[in-house]
Amino acid sequence: MSYESSTDLESPTEPRRGPDSAFGYVVDGMNGLGSVLIFAVMALMVCDVLMRDFFNAPIDGVAEMVAISIIAIVFLQLGSTLRHGRMSRADLFIDGFTLRHPRPGNLIHVLFSLAGAFVCGVVFYATWPRFLKAWTDNEFYGVQGVFTMPTWPVQLIVLAGCAVTAMQYLLHAVWHLRKAAASPSNAPGVVR
Amino acid sequence: MTGVEIGLLAVVLMLAAIYFGMHIGIALMLTSFLSVWLLKSPALAARMVAAAANDSLRDYLFGVIPLFVLMGLLVSVSGVGRDTFDVFEWLLRKVKGGLGVATVAANAVFAAITGISIASASVFTKVAVPEMIRHGYTPKFAVGVVAGSSVLGMLIPPSLLMIIYGVLAEESVGRMFLAGIIPGIVLALAFCLMIVAMAMFWPSFIGGARGADDLGSHETWGSAAVKLVPIAALILLVLGGLYSGLFTPTEAGAVGAAGALVIALVRRRLDWPKLWRVLVETGHVSVSVLFLVLAASLYSRMLALTGLPASITEAVTGLGLGPYGFLFVYILIVLALGCIIDSVSIMLIMLPIVLPIARAFGMDIIWFGVITVVAVEIGLLTPPFGISVYTVKSALNDKAITIKEIFKGAFPFVLCMLGVLLLLVMFPSWSTWLARM
């Protein structure tokens with residue numbers, strides 16, 4: 001599974017299947033916001049180019065806004081990227097192994113999912129004091145007098161993105177734990 | 001434990017975790033966090049994680065990644081890929097193996113408006129493969145050509161891999177783009193020559209080596225020109241605007257995406273659900289790449305703290321390998337990694353370690369980047385993790401053509417790439433000539 005495993009964009013749209021839980025709506029909702037933000041970044045930059053080159057009136061703070069949007073996009077869509085199996089990994093070993101030995105294979109998945117939840121937890125824990133400081137001290141990006149924007153909303157998005165992604169990792173862990181419990185240590189039917 | 005030992009242990013553990021299937025970004029962050037904890041203190045480790053998450057991506061330049069991905073996906077749905085192929089098919093109708101050459105040529109032109117090889121692979125699987133099979137080419141060859149020539153997408157600018165290299169090596173992205181042009185064209189020409197040679201001397205591999213002049217198309221010079229207008233306009237807009245200084249690489253991405261959107265809308269290839277899917281897909285592709293970049297920034301800071309890159313540089317230069325010996329070993333490692341992980345991850349893991357070595361040998365960093373990109377791209381075509389091959393397979397949706405057949409069909413292209421790589425290593429000047437102008 002990798003960032004390049006493309007879905008088929010050409011074929012006609014399937015009937016929409018909604019998410020199956022409240023948490024799914026949160027993940028998809030954040031993902032949707034991220035998608036809108038990507039489009040907005042494109043529109044903003046095109047406007048800036050047009051304004052600058054044709055009317056000699058560039059829009060202030062575009063570079064800062066784009067830079068900040070990139071962080072926001074990543075943390076808005078991280079949970080969904082994980083949920084849809086699009087995080088980069090090498091499936092060379094694990095896929096075949098899980099097929100042949102379902103129980104230990106699923107237990108490895110559990111371990112790796114917990115590692116993912118742990119890393120998201122560390123990012124959350126490390127970002128929290130920054131968020132508090134940004135909130136109380138009114139920190140901002142940009143140059144005063146030209147363009148400024150408070151930093152706390154972005155850090156809030158980072159926190160929310162970490163929380164959702166950690167939750168998604170825990171859901172993966174539970175799912176694989178159930179699979180491991182339900183399966184024999186070796187798959188008798190699968191011979192390679 | 002000394003810093004270097006911790007660093008070495010971290011790299012080994014990280015590679016093991018990645019091999020066994022841990023998410024690559026998570027493996028990078030986890031081992032880096034633990035090493036800094038061991039080396040300094042948990043508080044510093046947490047601060048570095050916070051800096052990686054909140055600051056490393058806060059750079060205007062990273063806007064290029066989602067924007068060029070969006071442009072590539074919009075161009076894929078707009079149908080200009082098919083038009084380009086139609087024109088080259090008609091132009092090359094009298095040539096032996098002409099459809100194969102047409103696929104390569106159309107891919108090379110398409111590469112100038114897309115920076116990701118999946119865009120090329122999935123478009124031309126649908127357009128070129130059925131056409132070639134209809135004309136009696138072997139399925140193996142038909143899919144092999146598409147997979148093989150899709151690597152041009154990441155060599156000819158704009159290119160995702162060149163962007164990543166530019167960021168890591170602190171070279172201008174515009175220059176890295178320029179450096180990809182000549183090698184990209186040479187590689188495309190090498191592919192064409194090889195196809196024509198195979199059509200003459202090894203027709204059983206190709207199959208329908210006769211010309212395709214029976215294709216019954218009503219193409220004329222006029223209609224062909226009309227079909228090429230949108231793609232030519234887009235190339236002119238993006239690369240012209242970039243190199244005339246009208247806009248920055250990031251803006252080129254935005255303008256290109258907007259241009260592709262207009263083309264797709266004018267041609268009525270886009271409705272709301274489709275646009276939404278393109279946007280969601282853009283998000284997923286770019287977020288997984290950007291998350292890797294974020295994780296790798298923590299990893300490279302950890303490496304710098306351990307002092308590992310410096311001592312490896314010392315060890316390698318002291319070995320008496322010489323620059324060419326080092327390059328040889330480096331390329332072998334990249335090719336081996338290409339069998340396990342994706343191209344962006346290879347660059348993010350390897351470059352913090354090898355760039356100091358390349359600098360110590362006094363190598364041209366732009367040239368080193370071109371070599372890295374070509375070597376990394378060979379991994380797109382080699383089993384078992386050849387991404388382009390799997391993209392072709394999933395776009396094909398035909399059980400009769402197995403993964404193994406596609407790998408076999410793509411193999412001549414791998415050899416061809418190795419040949420061009422050798423040329424690049426032996427004669428450095430031609431690749432960087434444009435970039436150094």
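This is a friendly dialogue on how to read some features of a predicted model.

Trainee: What should I know before I start reading?

Mentor: This is a predicted model, in which local features need pLDDT of at least 70 and side-chain atom pairs count only at pLDDT 80 or more, while totals for chains, interfaces and linings use all residues. Residues are numbered from 1 along each chain as its sequence is written, chains are lettered from A and ligands numbered from 1 in the order in which they are written, and side-chain values use heavy atoms, with hydrogens and water left out.

Trainee: How many helices and strands are there in chain A?

Mentor: Helices (H or I, at least four residues) and strands (E, at least two) are DSSP runs, numbered from the N terminus. Chain A has 5 helices and 2 strands, and their order along the sequence is α-α-α-α-β-β-α.

Trainee: What share of chain A is made up of buried residues?

Mentor: A residue is buried under 20% relative accessible area, exposed over 50% and partly exposed in between, using a 1.4 Å probe and protein chains only. Of the 192 residues in chain A, 45% are buried. Contact means heavy atoms within 4.5 Å. Among contacts in chain A between residues at least 6 apart in sequence, 74% join residues at least 24 apart.

Trainee: How many disulfides does a search of the whole structure find?

Mentor: A disulfide is a covalent bond between the sulfur atoms of two cysteines. Here the criterion is a pair of cysteine sulfur atoms within 2.5 Å, and the search finds 0 over all chains.

Trainee: Why is there no bond for A:C120?

Mentor: The closest cysteine sulfur to that of A:C120 is in A:C162, and at 5.7 Å it is too far for a bond. A:C120 is buried at a relative accessible area of 6%, and A:C162 is buried at 3%.

Trainee: How do I read aromatic pairs, and how many are there over all chains?

Mentor: A pair of aromatic rings is described by the distance of the centres and the angle of the planes. Rings of Phe, Tyr and Trp (its six-membered ring) pair if their centres lie within 6.5 Å; planes under 30 degrees apart count as stacked, over 60 as edge-to-face and the rest as tilted. The whole structure has 22 such pairs. One of them joins B:W90 and B:W221 edge-to-face, with 5.0 Å between centres and 80 degrees between planes. This pair links distant parts of the chain, 131 residues apart: B:W90 is in helix α5 (residues 80-91) of chain B and B:W221 in helix α12 (residues 221-243) of chain B.

Trainee: Are those two tryptophans buried or exposed?

Mentor: B:W90 is buried at 8% relative accessible area, whereas B:W221 is exposed at 64%. For a stacked pair, look at B:Y330 and B:F368, whose ring centres are 5.0 Å apart with planes at 20 degrees. Both B:Y330 and B:F368 are buried.

Trainee: Which residues of helix α21 of chain B are buried?

Mentor: In helix α21 (residues 429-436) of chain B, they are B:S431, B:T432, B:L434 and B:A435. They cover an arc of only 145 degrees around the axis, so they sit on the same side of α21(B); the arc is that of the directions from the helix axis to the C-beta atoms. The face turned away from the buried side of α21(B) carries the exposed residues B:S429 and B:W433. The buried residues of α21(B) pack against α10 (173-201), α18 and α20 (403-426) of chain B.
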